[in-house]
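Subject: Model for you to look at

Hello,

Here is the structure I promised to pass on. Please open it alongside this note.

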Amino acid sequence: NLIMLEEKHIIFGLRLQVPFPLPGDNLYVADATYGELTDYGQLRFVVKDFKGFKTEGYRIKRKLFRETYGIEIEEE
C-alpha cells in the first residue's frame, strides 16, 4: 500500500490521480506519483499506473508520456 510506504518514509510526496498534459490535446492521468531514494541516495520520480487491461488508447498515451517527459510509466 503506497500510503503505508509514505507513512514509513520509504516513499515521499505521494500524489494520486495526477494529470499530465500530452501533445495533441491529450491528457494522461497517473494513478500515483511519488519520490523514492535509489541505492545511491538519489531521489527518483516514479509514475505508477495500476492496469487490469492495457487499452490501445493507454498504449498510445504511455508512448507519448515517455517521449514528452523521458520517464517510463511503471505498471502494476
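Below is what I found in it, from the overall fold down to single residues.

First, the ground rules. This is a predicted model, where local features need pLDDT of at least 70, side-chain atom pairs count only at pLDDT 80 or more, and totals for chains, interfaces and linings use all residues. Residues are numbered from 1 along each chain as its sequence is written, and side-chain values use heavy atoms, with hydrogens and water left out.

Overall fold

The protein has 2 helices and 4 strands. Helices (H or I, at least four residues) and strands (E, at least two) are DSSP runs, numbered from the N terminus. From that end, the order is α-β-β-β-α-β. The C-alpha trace spans about 40 × 25 × 15 Å along its principal axes. Of the 76 residues, 28% count as buried. Buried means under 20% relative accessible area, exposed over 50%, and partly exposed in between (1.4 Å probe, protein chains only).

The sheet

The 4 strands form an open sheet in the order β1-β2-β3-β4, with mixed pairing. Two strands pair if DSSP finds at least two bridges between them. β1 and β4 are the edge strands, each pairing on one side only. β1 and β2 run antiparallel and are joined by 9 bridges. Across that pair, F20 stands opposite Y28, and L22 stands opposite N26. Their hairpin has 3 residues between the strands, and G24 takes a positive phi near 75 degrees there.

Helix α2

Helix α2 covers residues 56–69. Its 14 residues should span 20 Å at 1.5 Å a residue, and the end C-alpha atoms are indeed 20 Å apart. The expected span is 1.5 Å times one less than the number of residues. Which residues of α2 are buried? They are Y58, L64 and F65. Seen down the axis of α2, these buried residues fall within an arc of 125 degrees, so they line one face of the helix. The arc is taken from the directions from the helix axis to the C-beta atoms. On the other side of α2, E56 and E67 are exposed.

The buried residues of α2 pack against β1 (11–22), β2 (26–37), β3 (43–49) and β4 (74–75). Contact here means heavy atoms within 4.5 Å. The helix lies across these four strands, at about 105 degrees to β1. For that angle, axes are lines fitted to C-alpha atoms, for helices over the stretch in contact, and angles run from 0 to 180 degrees between N-to-C directions. After α2 comes G70, with a positive phi near 70 degrees.

The cores

The largest nonpolar core has 10 residues: V18, F20, L22, Y28, A30, V47, Y58, L64, F65 and I73. Such a core is a set of buried Ala, Val, Leu, Ile, Met, Phe, Trp, Tyr and Cys residues joined through side-chain atoms within 4.5 Å. β1, β2 and α2 each supply at least two residues of this core. A second, separate core of 6 residues includes L14, A32, Y34 and V46.

Two residues to click on

A30 is in strand β2. At 0% relative accessibility, A30 counts as buried. Leaving out residues up to four places away in sequence, A30 touches L16, Q17, V18, F20, V47 and K48. With the same kind of neighbours set aside, I73 is in contact with Y28, V47, D49, Y58, R62 and F65.

Best wishes
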